[in-house]
Amino acid sequence: MGKVVMYSSVSVDGFVADENDQPGPLFDWLSNGDVPLDESGEVKVSQTSYDYTRPYWDQIGATVVGRHVFDITDGWDGKPPSGIDHVVVVTHRPEPEGWDPEAPFHFVDGVEAAMAKAQELAGDRMVEVAAGDVGGQMLAAGLVDEVRMDVVPVVFGSGKRFFGPVHAQHLLEDPDVVIQANRVLHLRYRVRR
């Protein structure tokens, strides 16, 4: 079984989107370089960000997101982002009407069941959990091994929190990766057990 990583780009004050679910400049680092990060050629980063991000993306076997993220992205038109093999959607509702049953998306009720499905699909590869409400629930349930964040130099003031509604203290180890790149600081923390 691979490790479980909670991840997102985040503002300096800890938000993954503003109050209207807009990421603002949080993803600008994914287009301010000249090194293609994927086959589309649309995502171009600095060489430093490429050297950190591409190996990470290559390890991901499944990503877990909440239904809200799925809905606001229109399910990425049935194609998982960043070349990921499977997306597990935590939801109490069924898949959208007319959804392609062959699309590699799996609709699961509850974070524990979602994690079990994601680990089954990922095998020995990594399970990525989107930061925000679902990520915070996974952290609170003790299901997260590592926290990765790409800190962008912007202050939102309010919005959707990286850790969602976490109501208890969770200790992380000292960062074992700190990489400064073009308009982003890549950080990685192991979750203290």
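This report describes the annotated domain, the largest pocket and selected salt bridges of a predicted model.

Residues are numbered from 1 along each chain as its sequence is written. Local features need pLDDT of at least 70, side-chain atom pairs count only at pLDDT 80 or more, and side-chain values use heavy atoms, with hydrogens and water left out.

The unreviewed UniProt entry annotates residues 4-170 as "domain: Bacterial bifunctional deaminase-reductase C-terminal"; such annotations may be inferred rather than shown by experiment.

The lining of the largest pocket (an open set of points on a 1 Å grid where a 1.4 Å probe fits, with protein on both sides within 12 Å along at least five of seven lines; lining residues have an atom within 4 Å of a point) comprises 43 residues. Ser8, Phe27, Val69, Trp76 and Ala130 lie nearest the pocket centre.

The structure holds 12 salt bridges, each being a side-chain nitrogen of Lys or Arg within 4 Å of a carboxyl oxygen of Asp or Glu. Three of these pairs are listed below.

| Pair | N to O distance |
|---|---|
| Arg54 and Asp58 | 2.7 Å |
| Arg93 and Asp71 | 3.0 Å |
| Asp176 and Arg188 | 3.2 Å |

Accessibility is classed as buried (under 20% relative accessible area), exposed (over 50%) or partly exposed (in between), using a 1.4 Å probe and protein chains only. Arg54 counts as buried at 15% relative accessibility, whereas Asp58 is partly exposed at 46%. Arg188 is likewise buried, at 17%, while its partner Asp176 is partly exposed at 33%. For the remaining pair, Arg93 is partly exposed at 46%, and Asp71 is partly exposed at 32%. Separately, Lys3, Glu146 and Arg148 are linked in a network of salt bridges.
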